[in-house]
Structures are given as C-alpha cells and as structure tokens.
Amino acid sequence: MTDVRYQPMVPEDVEAVLKVELAAFSHPWTRGIFLDCIKPGYECWLMFRGEEQVGHTVLSVAGDESHLLNITIRPQDQKAGLGAALLEFIVDRARQKGAEVTFLEVRASNLSASRLYERFGFNEIGRRPNYYPAAGGSEDALVMAYSLVD
Ligand SMILES: CC(C)(COP(=O)(O)OP(=O)(O)OC[C@H]1O[C@@H](n2cnc3c(N)ncnc32)[C@H](O)[C@@H]1OP(=O)(O)O)[C@@H](O)C(=O)NCCC(=O)NCCS
C-alpha cells in the first residue's frame, strides 16, 4: 500500500495512541497496558498514512508462539484496506522474530475484525465463554490461529 509507513511505538507516543484507541473501542486499553507492553519489548507499532497516525498494533512473541494483542485503525480511516495492511505487517514481524504461529482473541460480535482475520487465513480454533466484559454482561471470545510455517 502506497504512502503507508510503520514506526516503533515509544512511551511518548502513548497519548496519541490513546486518542485512536478511545475512538475505536468500546473497551479501550489504558495507558498502563500500552506501557506494560512497550517496556518488555513487545512488538508495538504505529501506522502512518502520510503524516497522519491512522492505527497501531501490539504483538507478543514467546518462543515459537506469537499473540496478536491489539490491532486498531482509527474510525475515519477504516474500510480502506489499512487493517489488512497492518495485519500483514505485524504477522510478518512475528515471522521475522521466529514465531511459527500467531494466536488472537476477538469478541464474537466483532464481525469486521473476525472477517478480516478469516480473509487473511486465520482459523477459529476455540471459544472462551464470557471472556470479555460487555454492555449488560459478558461476551465470548473466538480464539483464532494462523500458521507461519508450511
Ligand atoms: C478491525 C479493524 C482493525 C479493521 O480495520 P479496517 O482498516 O477497517 O480493515 P480493512 O479496511 O482492511 O477491511 C475492513 C472492511 O473494509 C472493506 N474494504 C477494504 N478496502 C476497501 C475499499 N477500498 N473500499 C470498500 N471497502 C473496503 C473490506 O472488504 C472489509 O469489509 P468487511 O468488514 O465487510 O469484511 C478496524 O475495524 C478497527 O480498528 N476496529 C476497532 C478495533 C478492533 O475491533 N480491533 C480488533 C480487535 S480484535
């Protein structure tokens, strides 16, 4: 995708990240969660289109497993292919770090996200009942996996 670039997230970026996060999620991550991911060296990245910060993503790698913990595109830039590009970028980082599989959890009701993952090649491998807080109760998580090896 043209005009898109990626930059590692540092603590000074978290204010701007929170603006995107708050706009995009009903249950956003807090400043502390982002800082707790940057500190141990998780893969924390910003996405820019031109000069505009349009999204971010966080992935942890441990041994041959990786976990996609956050992927967000700000609302006004969604549905233009940026989410797919950011997913491709972060899965490639997982591969470069030696992971053989990427796992993620997604709210059962989050169709735009789960469709994105399925289109990419993630498979549903399980469900965690009542995993997420939700308006008026809780909601299941779908657990999805993508193999990075043949
Ligand atoms: C999930 C998320 C990252 C997807 O980002 P995105 O930039 O909208 O993703 P894409 O544009 O690549 O794909 C989304 C949709 O736009 C469509 N699309 C992509 N390019 C398009 C274009 N040029 N014109 C029209 N539609 C297009 C895709 O086909 C897809 O359609 P679908 O939802 O009907 O399957 C984004 O919706 C988001 O940040 N959501 C809030 C946070 C969140 O839920 N994160 C995931 C938590 S697990």
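In which sense, parallel or antiparallel, do β4 and β5 pair, and over how many bridges? In this predicted model, the two strands β4 and β5 run in the parallel sense and are joined over four bridges. One of the residue pairs involved is formed by Leu 68 and its bridge partner in β5, Leu 104.

The pairing belongs to a protein chain that contains four helices and seven strands. In sequence order, these elements follow the pattern β-α-α-β-β-β-α-β-α-β-β. The radius of gyration of the protein chain is 15 Å, close to the 15 Å given by the globule rule for 150 residues, so the chain is as compact as a globular protein of that length. Along the principal axes, the C-alpha atoms of the chain fill a box of roughly 40 × 40 × 30 Å. Of the contacts with a separation of 6 or more, 56% are accounted for by residues 24 or more positions apart. Buried residues make up 26% of the 150 residues.

The side chains of β5 alternate along the strand. Thr 102, Leu 104 and Val 106 point to one face and are buried, whereas Val 101, Phe 103, Glu 105 and Arg 107 point to the other face and are not buried. Such an arrangement follows a general pattern: in a regular strand the side chains alternate between the two faces of the sheet.

Leu 104 also takes part in the largest nonpolar core, which comprises 29 residues. Together with Leu 59, Leu 86, Ile 90 and Met 144, Leu 104 touches the most other members of this core. At least two core residues are supplied by each of α1 (14-24), α2 (31-38), β2 (43-49), β3 (52-62), β4 (65-73), α3 (82-96), β5 (101-107) and β7 (137-147). The largest share, five residues, comes from α3. In general, nonpolar side chains tend to be buried together in soluble globular proteins. When residues up to four places away in sequence are not counted, Leu 104 touches His 67, Leu 68, Tyr 117, Phe 122 and Met 144. Leu 68 is thus found both among these contacts and as the bridge partner of Leu 104.

The ligand is surrounded by 18 residues, of which the closest are Gln 78, Lys 79, Gly 83, Ala 84 and Arg 115. At least two residues of this shell come from each of β4, α3 and α4 (111-120), and the largest share, four residues, is that of α4. By residue class, the shell divides into 10 nonpolar, six polar and two charged residues.

Lys 79, one of the residues closest to the ligand, is placed in the loop between β4 and α3. Lys 79 counts as exposed because 9 C-beta neighbours lie inside 10 Å, and a residue is exposed if that number is 12 or fewer. Its phi is near 65°, a positive value in a residue other than glycine. Asn 130, in strand β6 (residues 123-134), likewise is not a glycine and has a positive phi of about 50°. Most residues other than glycine have a negative phi. Asn 130 is also exposed, with 11 other C-beta atoms within 10 Å.

Towards the start of the chain, Thr 2 occupies the segment before β1 (4-8). Thr 2 is exposed, with 4 other C-beta atoms within 10 Å. The C-alpha atoms of Thr 2 and Gly 50 are separated by 9.2 Å, although the two residues are 48 residues apart along the chain.

Notes
Residues are numbered from 1 along each chain as its sequence is written. This is a predicted model: local features need pLDDT of at least 70, side-chain atom pairs count only at pLDDT 80 or more; totals for chains, interfaces and linings use all residues. A nonpolar core is a set of buried Ala, Val, Leu, Ile, Met, Phe, Trp, Tyr and Cys residues joined through C-beta atoms within 7 Å. A residue is buried if 20 or more other C-beta atoms lie within 10 Å of its own, exposed if 12 or fewer, and partly exposed in between; C-beta atoms are placed from the backbone. Two residues are in contact if their C-beta atoms, placed from the backbone, lie within 7 Å. A residue is near a molecule or strand if its C-beta atom, placed from the backbone, lies within 6 Å of it. Ala, Val, Leu, Ile, Met, Phe, Trp, Tyr, Cys and Pro count as nonpolar, Asp, Glu, Lys and Arg as charged, and the others, Gly among them, as polar. The radius of gyration is taken over C-alpha atoms; the globule rule is 2.2 Å times the number of residues to the power 0.38. Two strands pair if DSSP finds at least two bridges between them.
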